[in-house]
Amino acid sequence: MPTFNLKINNKTYSVEADMDTPLLWILRDQIDLVGTKYGCGIGQCGSCTVHIDGNAMRSCLLLVSQLEGMSITTIEGLSENGDSPVQEAWKEIDVPQCGYCQSGQIMTASAFLKRNPNPSESEIRNAMHGNICRCASYNSIEKAIKVAAKK
Amino acid sequence: MTPSKQLNFSRRSFLKTSALAGGGMLISFNLFTACKSDVKPPIDISQLNFNDFNAFIKISNEGKVTIFSPNPEIGQGVKTSMPMLIAEELDVAWKDVYVAQGDYDPVNFTRQVAGGSQSIRHGWEPLRQTGATARQMLINAAAAIWEVDPSTCTTKEGVITNANGDKLGYGEVVADASILEVPENVKLKDTKDFTIIGSNISNVDIDNIVTGKPLFGLDYKQEGMLYASVMRPPAFGNVLESFEDNGARAVNGVINIVQFGNKVAVLATNTWAAMKGKNALKANWKEGSKTESTAFHDKTLLDLLKGNSFETLRKDGNVKKAFDEADTVLERIYESPFLPHNCLEPMNFFAHVTTDKIELVGPIQTPAWTAQRVADHLKRDIKQVSIKMTRMGGGFGRRLYGDFALEAAEISSLTNSPVKVVFSREDDMSAGTYRPAIKYKIAASIKDGKLTGYHLKEAAINGNMYGLIPNFFPAGAIDNYQVDVANYKSNITTGAWRAPYTNFLAFAEQSFFDELAQTMEVDRIQLHLDLLQNVKGTTDERIEYSPERLEGVIKLAIEKSGWGKTNQGVFQGFSVYYCHNTHVAEVADVIMDKGLPIVTKVTCAIDCGIVVNPLGAINQVTGGVIDGIGHAMYGDLSFNQGIPQSNNFDNYQLIRIGQTPKVDVHFVDSDMAPTGLGEPPLPPAGAAVANAIYAATGKRLTKQPFMSNMEIEKIVG
C-alpha cells in the first residue's frame, strides 16, 4: 500500500492506505480523530465536513491520494480549547440534541462565517443546506450562527 | 414501546437497593484537597476519590458530586434532566456536579429504557427520593458530629449549617454519612423551593460534542478490534443461496469472512476495507417468502378497511344506529407510507464474546432486553453479559431493537474476535424496522347539527395501535364511538417510530376534525372545546387525557399564535393532540410561493407539567415539531418486490434547514408532575400544516407525504 503524508490540524501524519480510501476513514480509523462523523458516505448529509485550505468540504468524498500538500482541519483542530466563536455560540445556544451532526454543522458554519462575517438569514440557510440534522435543531443552528457572527 | 406501565420501583425496593449499595461503602481520603471549588466540570474525575453513596450518587471529600444517569441518551436530554432531579433534592450546586452515564445494571436501576417518553415521568419521584435520602444521610452525619438534632440543620449548595451557624461541607461528612442507616420517609422539597429544576441547564455533553470527542458508538474502539460490514438480503423475503468471496478477500485489510444465517460478515482492520469487501461479495438470492411491493400494500390495506376482519378496541353506544339515523355522514381515508428512522449515526455495536464473558458496547435504547436476547441467542447465562451504553446519534425507536447488537455478538462468537458491526447508510435504510404503512378510515355522523357518532378503522402492516390509544381524544366526548383495527402480516420488519401509531393517527384525526367542523358549519376551535365539555367530570377511568389540560393548550395556542389575526397571505391551520401523557396544541402558518406551500412558523402550546429543563425542553419541542413536518411533507419509503426503493439521502428526503419553520414554544405554567417531551410534539404537526394548506388552497391532503407528485398536483390543481 502506498504512503501519504497529510497535514492535519498543523501536524504531519504519514499514513498507509489504498489510493481510493476516503479521508473520512483515514481520520476516524487510522488517526483516531473521530469528531468527523460518517453519515451517508455520498456527500449528502455534511456530518463529515472538514476544512481543506480553509474551505468546507466533505471528507467522505475526498480521497487520501488527492490531499498531500493541503492543509486539513478537523473539528479537533478548529480551536485550541473548543473556544472558537462558533463553538462558543453553539454552547451558548445549547444547540445539540443527539449531537452527532454538530461537528459537521460547526465546520460548515465556521468556514462560511470566514467568507461572510455578517450573513443574512437566507444566506445562513443557503450555506447550511447541505448539513442534515436528524433531530431538527435547525432553529438553534440559525440562532447560534447569528450569535457567532457577533463574536 | 410500552407506555404507562406502572413503575416497578417501590419505595421499599429503592431503600433496600441504596442500603445495599451504600452500606459498608467507605472511605475517601484527601488526595484532592487542592481541588478548588471553582473547578468547572467536567473535571478529571479519575483524579478524585469518591464514596459510593448509592447507585446514583458519588460524593468526593471535596464535595464534588458524580451523578449517574441511568437511562440511555438518544438526544432527548435525559442525561442532563434526570441528574437534575437528583441534584435538586441532594441540594448541591450544579457546577459541582459531574454527570456520567450509568451502565446496564439490573440490580440497581430499573426501567433503563429510552422509549415512550417515560424517563422523566417515571423518574420524577424515585430520582428525587434518591437525592433527598442522600441529603438526609449527610445531615444526619453532620448532626452526629455536632451532637445536635438533625432537624435543626439546613442545607444549601452542598453545605450543611446548624442552628449556631456552624458549617460542614458534604465532602467533609460523606465518609461518615455513607455508613449510616438509610432513612425512610425523607421529605421532598416544595416545588416553589426548586432551584435546579426549572432552570436552563446546558446539555452535559456539550463541551465534548462541540470539540468532537469520542462519545458515540461509532467512535468506540478497543485494541485488536475488527470492523464488520454485513451483507444482508437485498429484498425482504429473500434467502441466501450461495456466495463467492474472492473479490472481497482481495481487498487490503480484509481479515475474515463468515456466514451466519442469511447474512455474510466481512471483517477488516478498518471500516472502509470492511465496506469495500462487503460490496465485492457476489451472492445468489432466492425467494424464501413472497416479496411485496407498495402497490400490493396499498390494495391490501384498502381491502382490509372495506372488509370485516376487524378487532374492536373500544365501543361506546351504538355507532351503526347513529350512522343509520344521521342527516349527514362524513367519511375519509388517510394514508401513510413506511418510514425509515434514519438516525444520523448508522446502527453499530461492539461485541467481544469469550468463553466466560459477553462484553457489549454501543448505542442501545433497551439494554436490559438486549442483554437477555443476546444471552438467549448465544445460549449463555445473562450474568455473563455486560453492556456499556454510549451516547446515541439519534434513536427515534430504531435503537429499541437490538438486532445490530445480536449481529455483533454472533459474529464475535463465530470468529473469536472483538468486533464492531458498522452499518453503511445503505444498510441502515434498507435493513430497517420501519414505521409501518397505515391507512385509517374515519367516519362521523351528524344529526340535527350535532356530532352523534365517530368510527375509526385502522388497517396497518404487521401491528395495530396499542391498547391505550382508543382512549385518547375524542373518546368519551361522543356518545357513539368505536375503534376497530385490522392488520396484514408482512415479511417487512416494522416497529416503533417516534410516537408509534399516533405519529400518523394524529394527522388523520386532526385533519378529519378540521373538515368535520367545516361540514357542520361550526368553528373548528369551538368544536373541540364543546366536545371537551362532554368529558369533564367523566367517571370513565379508561380516558387517558385530561379535558381541562387539552382545553388549556388549545387556548394558549390560539392566544400565542394570533389565530385569525394574521397578515394577508398567511394561512393558519390548527391541531391538538394528547399522547405519551402530554397535551399539545399547534398552529401552523403557511404562505404560498409559486403555487407551493411554505411553512413559515409553528406555534406550539404544550402541557408537560413542570418543565424540568426549559432549555432542553424547547429543543425537544422544536425538534419534534420540525421532525413531524419533515416526515409529513417528504418522508416516503416504498418497496418493489421486497426491495426498499430508497437507500441514501440522495433518494430519500429529510427536512433541511431551508425548509424549516420557526417554532414558537409556550409551556403551560404548571406544578403537576412532569411528563415526557420526546414524542408528543411530533404527532399534531402534520395536521396543523395540512389544515393550513387547506386554508390556503381549499385542497384537503389525505395522503403523506404531502410533497409527493400526486399530492402536489392536488394543491397546484
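**Loops, contacts and a paired strand**

B:P705 sits in the loop that links α17 (683-697) to α18 (709-716) of chain B, where helices (H or I, at least four residues) and strands (E, at least two) are DSSP runs numbered from the N terminus. The model is a predicted one, in which local features need pLDDT of at least 70 and side-chain atom pairs count only at pLDDT 80 or more, while totals for chains, interfaces and linings use all residues. Residues are numbered from 1 along each chain as its sequence is written, and chains are lettered from A and ligands numbered from 1 in the order in which they are written.

The peptide bond that leads from B:Q704 into B:P705 is cis, with omega near 0°. Another cis bond of chain B joins B:F473 to B:P474, with omega near 10°, and B:P474 belongs to the loop between β20 (450-461) and β21 (480-488) of chain B. Most peptide bonds are trans, and most residues other than glycine have a negative phi.

That loop leads on to β21(B), a strand that is mostly covered, since seven of its nine residues are buried (20 or more other C-beta atoms within 10 Å of a residue's own, with C-beta atoms placed from the backbone; exposed means 12 or fewer, and partly exposed lies in between). β20(B) and β21(B) run parallel and are joined by nine bridges, and within this pairing B:I461 has B:Y488 in β21(B) as its bridge partner. Strand β13 (residues 311-316) of chain B also pairs with β21(B), here in the antiparallel sense and over five bridges, with B:K315 standing opposite B:Q482 of β21(B). Pairing requires that DSSP find at least two bridges between the two strands.

Chain B also meets chain A, and 48 residues of chain B are in contact with 46 residues of chain A, contact meaning that the C-beta atoms of two residues, placed from the backbone, lie within 7 Å. On the side of chain B that touches chain A, two or more residues come from each of α5 (206-210), α7 (271-279), α16 (614-634) and β27 (662-667) of chain B, and the largest share, seven residues, is given by α16(B). By class, this side of chain B holds 18 nonpolar, 19 polar and eleven charged residues (Ala, Val, Leu, Ile, Met, Phe, Trp, Tyr, Cys and Pro count as nonpolar, Asp, Glu, Lys and Arg as charged, and the others, Gly among them, as polar).

Chain A itself is assigned domain 1 (3-77) and domain 2 (85-150), with bounds that come from an automatic or database domain assignment. The centres of these domains of chain A, taken over C-alpha atoms, are 21 Å apart, and their contact takes 15 residues from domain 1 and 13 residues from domain 2. On the side of domain 1 of chain A that touches domain 2, β3 (49-52) and β4 (55-58) each supply at least two residues, the largest share, three residues, coming from β3(A). That side of domain 1 has five nonpolar, nine polar and one charged residues.

Two loops of chain A also deserve a look. A:D94, in the loop between α2 (85-93) and α3 (102-115) of chain A, has a positive phi of about 60° although it is not a glycine, and A:D94 counts as buried because it has 23 C-beta neighbours inside 10 Å. A:A136, in the loop between α4 (121-127) and α5 (138-150) of chain A, likewise has a positive phi, near 60°, in a residue other than glycine, and 27 other C-beta atoms lie within 10 Å of A:A136, so this residue is buried.
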